[in-house]
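Subject: Structure handover

Hello,

Here is the structure I said I would pass on. Please open it first; my notes on what was found in it follow below.

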Amino acid sequence: MGGLSAALCLSWALALVGTHPLGHDSHRTAGTWHHLGSELAANSTEVTQRCADEEGFDAVTLDEAGTMVFFKGSLVWKGFMGAAEPIGDSWPEIQGPIDAALRIHYNDPQDDIHDNVLLFQGKKLWAYRNGNLRSGYPKLIKEMFPGIPDDLDAAVECHPKECPSETILFFKDPRVFTYDLRTKAVKLRTWPAVSNCTAAVRWLERYYCFQGIRFLRFDPLRGDVPPQYPRDARDYFMRCPGRGHGGESRRNATLWSILNACSGRPFSAFSSDDPGRIYAFRGGHYFRVDSVRDGLHAWLLNHTWSGLEGEVDAAFSWADKLYFIQDSQVTIYRSEHGYIRVEGYPRPLLEELGVSQADAAFTCPHSSVLYIIQGNHLLLIDLHQSPRRPGPARLLPHPRVDSAICTTKGVFLFVGADFHQYQDVAQLSAATVPAPAQNTAAVLFRCSPSGAPQHSPPGGHRPRDTPQ
């Protein structure tokens, strides 16, 4: 891996014991796909409430387990995997409607607000951890967040990797207030494109403002909104009769197996970048494995890497760059401050690495050695070398390998629906028979035997066709 942070993150993420196998959190749950589970009758009262033309939701947030939660009036939907329930069933100390809600992820060890769900109503706020009201709450908003007005419209947290510091964005009418959790400084923003948010949520490093039944994506620093917004939330964030395209993908068995992380279909590549983001690649899409507690969702490659599309044969990280191998070509993206393709790429793999193709590739922590797998052979390439050329091939105990990754916990080779773990490259090179097979979907993605992600009731929610 390129860089200490990626090495430490991945060594922990792939430990496969005690904590979630591929994620930064100790949570055991993974959000489910939105379109798993039974459809409710189109004429039911619940569907009418959920899919009303203009009302939208009072508040939206992710809870501590990664379930997307939607509030409307006295009701709450948890992932739309079942009927609405009264807010008081889960948060008995508060009755609806809720003004705003957010999940706060504050990493200051001196502050116990980390991983709390905050619910705002009128002049007060309630803080919950693991579903339990914290001692001393409710509190006045002005006591907890001096300078922030009462009767809010929406709130969302901005993480330090997306804002200069740990910040909360508060929305009231056309005004946006930013509150620095460390300095307690409040700044008033004028964002004409982002105003009158009735709800807001951060999901997988994207920020969404809901305006009734419509929503837009916005930049949390400048308030910029990409083209083609606003959009109708019923096509993306909820299950409504006759809307969205989730049913089309499910009817297409091949596409469904690609988009469903629990299908058992092999992944063509695994990799990570220096900030610790972990990726699994399949069929021109990728899954953010480190964010698995917020659910499993397949994203198109160009959602993150502009101009990249098609199948990824192998991927690896080195020196703050992410390398993508596709057929006989390699493309490199710098991983700092978002991904930017290095000028002059893609270029021939033979010129860049001295090989013509790769079934899998990986680097190990604190090492400049790249390992390329071709069939049942392992090739070593010193990335500091110029020109780069592979050394003598080593024989592997596997006839073929689909993908691979290396951490301080060892080397992981993925073959079909399973993976095989080795202590290090030396043990892999000396092996004459494969290490015991472990199921990738069950162990790494916490999938149930039925082919769906395991989850805590009532299950997580993934938007139908996630806005890019």
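What share of the 468 residues in the protein chain do buried residues make up? The figure is 59%. Please keep in mind that this is a predicted model, and that every value here is computed from it.

Overall picture

The protein chain contains nine helices and 34 strands. Its exposed surface comes to about 18900 Å², with carbon and sulfur atoms supplying 50% of that area. If one takes the contacts between residues at least 6 apart in sequence, 50% of them join residues at least 24 apart.

Nonpolar cores

The largest nonpolar core has 52 residues. Within this core, the members that touch the most other members are Phe-171, Phe-210, Phe-218, Phe-281, Trp-305 and Phe-324. Another core lies apart from the largest one and has 20 residues, including Phe-120, Tyr-137, Ile-141 and Phe-145.

Phe-324 is a convenient residue to select when looking at the contacts. Setting aside residues up to four places away in sequence, Phe-324 touches Phe-281 and Trp-305, and also Leu-308, Val-312, Ala-314, Ala-315, Gln-329, Val-330, Thr-331 and Tyr-333.

Disulfides

How many disulfides does the structure hold? There are four, and three of these are described here. As general background, a disulfide is a covalent bond between the sulfur atoms of two cysteines.

Cys-158 and Cys-163 are joined with a sulfur-to-sulfur distance of 1.9 Å. The torsion about their S-S bond is about 95°, so this disulfide is right-handed. Cys-158 has a relative accessible area of 0% and is buried. Cys-163 is buried too, with a value of 5%.

Cys-197 is joined to Cys-209, S to S 2.0 Å. The angle about the S-S bond of Cys-197 and Cys-209 is -110°, and the link is left-handed. Cys-197 is in the loop between strand S13 (186-189) and strand S14 (199-203), while Cys-209 is in strand S15 (residues 206-211), so the pair ties together parts that are 12 residues apart in sequence. Cys-197 and Cys-209 are both buried.

The disulfide of Cys-262 and Cys-447 has its sulfur atoms 2.0 Å apart. This pair links distant parts of the chain, 185 residues apart. Cys-262 is in the loop between helix H6 (253-259) and strand S18 (269-272), and Cys-447 is in the segment after helix H9 (440-444). Is the disulfide of Cys-262 and Cys-447 left-handed or right-handed? The torsion about the S-S bond is about -75°, so the disulfide is left-handed. Buried means under 20% relative accessible area. Cys-262 therefore counts as buried at 7%, and so does Cys-447 at 3%.

Aromatic rings and charges

The structure holds 33 aromatic pairs. One of them is formed by Phe-316 and Tyr-323, and this pair is stacked, with 4.5 Å centre to centre and 15° between the planes. Phe-316 is buried at 1% relative accessibility, and Tyr-323 is buried at 3%.

Which residues form one aromatic cluster with Phe-267? They are Phe-270, Phe-287, Phe-412, Phe-414, Phe-419 and Phe-445.

There are also charged side chains over rings. The charged end of Lys-78 sits over the ring of Trp-91, at 5.1 Å from the ring centre. Arg-231 lies over the face of Tyr-229, and here the distance to the ring centre is 4.4 Å.

A glycine in a loop

Is Gly-147 buried or exposed? Gly-147 has 54% relative accessibility and counts as exposed. Gly-147 belongs to the loop between helix H4 (141-144) and strand S10 (154-158). Not counting its neighbours within four places in sequence, Gly-147 is in contact with Phe-177 and Val-186. Tyr-179 is 32 residues from Gly-147 along the chain, and the C-alpha atoms of Gly-147 and Tyr-179 are separated by 8.5 Å.

That is the end of my notes.

Regards

Technical notes
Residues are numbered from 1 along each chain as its sequence is written. This is a predicted model: local features need pLDDT of at least 70, side-chain atom pairs count only at pLDDT 80 or more; totals for chains, interfaces and linings use all residues. Side-chain values use heavy atoms; hydrogens and water are left out. A disulfide is a pair of cysteine sulfur atoms within 2.5 Å. Buried means under 20% relative accessible area, exposed over 50%, partly exposed in between (1.4 Å probe, protein chains only). Helices (H or I, at least four residues) and strands (E, at least two) are DSSP runs, numbered from the N terminus. Rings of Phe, Tyr and Trp (its six-membered ring) pair if their centres lie within 6.5 Å; planes under 30 degrees apart count as stacked, over 60 as edge-to-face and the rest as tilted. A charge sits over a ring if NZ of Lys or CZ of Arg is within 6 Å of the ring centre and within 35 degrees of the ring normal. Contact means heavy atoms within 4.5 Å. Accessible areas come from the Shrake-Rupley method with a 1.4 Å probe; for residues, only the protein chains shown count as cover. A nonpolar core is a set of buried Ala, Val, Leu, Ile, Met, Phe, Trp, Tyr and Cys residues joined through side-chain atoms within 4.5 Å.
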